[in-house]
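Biologist: I should like to go through this entry question by question, starting from a single residue and ending with the whole chain. Please give each cut-off when its term comes up.

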Amino acid sequence: MDSVKVSIIYYSATGNVHALARAAVEGAEKAGAEVRLRKAAETAPQEAVNSRPEWAQHLKDTADIPRPSLDDLEWADVVLLGTPTRFGNPASQLRAFMETTGPLWFRGELAGKVYSAFTASNTAHGGQESTILALANTFYHWGGIIVPPGYTDPIQFKSGNPYGTSHVAGEGAPGDVALEAARHQARRAVEIAAALKAGRTA
Ligand SMILES: Cc1cc2nc3c(=O)[nH]c(=O)nc-3n(C[C@H](O)[C@H](O)[C@H](O)COP(=O)(O)O)c2cc1C
């Protein structure tokens, strides 16, 4: 059987979600998957980006990460989406990419894949679950198989979010617990996708 293919598509302004995405790459690769990491294009005006030096710096530091394409979705068995919380919702930069997927959706190409999501917000009650659930609304439209981390590993009892890995950015960069939760989330998505793939090729 082919290895499981994972596209990790995210947006990050100041690096927190980027760190979670990198950890998800590690988890997926350790589970034997082939992984593509893709960062959604910046759509904010340059003046807005420049108004926060850490935003401008992160944009520069991640310039070499490819932009997502429709092929990244078509290719993947597993799609992991990551976004900062924006007023309790996904960032428009990620949504802008998601809203280019109409042709794939229409052909049914987005159905039957495994989907899962992760996020960061400034505060603990700043909308992490609502952001992940908002992404899940789209997974339903795509006919996706949503694989949340739940409490399927001891790390989940420390990280505490069964909907998807989430990090409180107001407390600093993601630490060991959030990074391990992101690895676990990706690993679990790969394991479920591998079982589906084996079943479909049997
Ligand atoms: C326009 C805007 C809206 C935001 N809305 C929220 C919010 O609703 N709740 C919250 O806790 N943080 C909010 N934040 C803070 C971001 O979620 C936080 O900076 C982000 O998670 C950091 O992730 P990043 O480093 O990957 O960009 C907002 C930030 C911006 C710029």
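**From one residue to the chain**

Biologist: Leaving aside neighbours within four places in sequence, with which residues is Ser-121 in contact?

Modeller: Two residues are in contact if their C-beta atoms, placed from the backbone, lie within 7 Å. With neighbours within four places in sequence left aside, the partners of Ser-121 are Pro-84, Thr-85, Gly-126, Gly-127, Gln-128, Val-168 and Ala-169.

Biologist: What kind of model is this, and from which number are residues counted?

Modeller: The model is predicted: local features need pLDDT of at least 70, side-chain atom pairs count only at pLDDT 80 or more, and totals for chains, interfaces and linings use all residues. Along each chain, as its sequence is written, residues are numbered from 1.

Biologist: Is Ser-121 buried or exposed?

Modeller: Ser-121 is found in strand E5; helices (H or I, at least four residues) and strands (E, at least two) are DSSP runs, numbered from the N terminus. A residue is buried if 20 or more other C-beta atoms, placed from the backbone, lie within 10 Å of its own, exposed if 12 or fewer, and partly exposed in between. Because 23 other C-beta atoms lie within 10 Å of Ser-121, this residue is buried.

Biologist: Which residues come nearest to the ligand?

Modeller: A residue is near the ligand if its C-beta atom, placed from the backbone, lies within 6 Å of it. Of the 19 residues around the ligand, those that come nearest are Ser-12, Asn-16, Val-17, Ser-121 and Gly-126.

Biologist: Which elements give two or more residues to that shell?

Modeller: The shell around the ligand divides into 6 nonpolar, 12 polar and 1 charged residues, where Ala, Val, Leu, Ile, Met, Phe, Trp, Tyr, Cys and Pro count as nonpolar, Asp, Glu, Lys and Arg as charged, and the others, Gly among them, as polar. The elements that give two or more residues are helix H1 (16-30), strand E3 (78-86) and strand E5 (114-121).

Biologist: Which element gives the most to the largest nonpolar core?

Modeller: A nonpolar core is a set of buried Ala, Val, Leu, Ile, Met, Phe, Trp, Tyr and Cys residues joined through C-beta atoms within 7 Å. In the largest one, of 52 residues, Val-6, Ile-8, Leu-20, Ala-24, Val-78 and Val-190 touch the most other members. With 9 residues, the element that gives the most is H9.

Biologist: Which residue in the loop between E3 and strand E4 (89-90) should be examined?

Modeller: Most residues other than glycine have a negative phi. In this loop lies a residue whose phi is near 50°, a positive value in a residue other than glycine. With 10 other C-beta atoms within 10 Å it is exposed; the residue is Phe-87.

Biologist: What is the radius of gyration of the chain?

Modeller: Along its principal axes the C-alpha trace spans about 55 × 40 × 30 Å. The radius of gyration is taken over C-alpha atoms, and the globule rule is 2.2 Å times the number of residues to the power 0.38. With 202 residues, a compact globule would have a value near 17 Å, which agrees with that of the chain, 16 Å.

Biologist: What percentage of the residues of the chain count as buried?

Modeller: The chain has 9 helices and 7 strands. Residues 24 or more positions apart account for 79% of its contacts with a separation of 6 or more. Of the 202 residues, the buried share is 46%.
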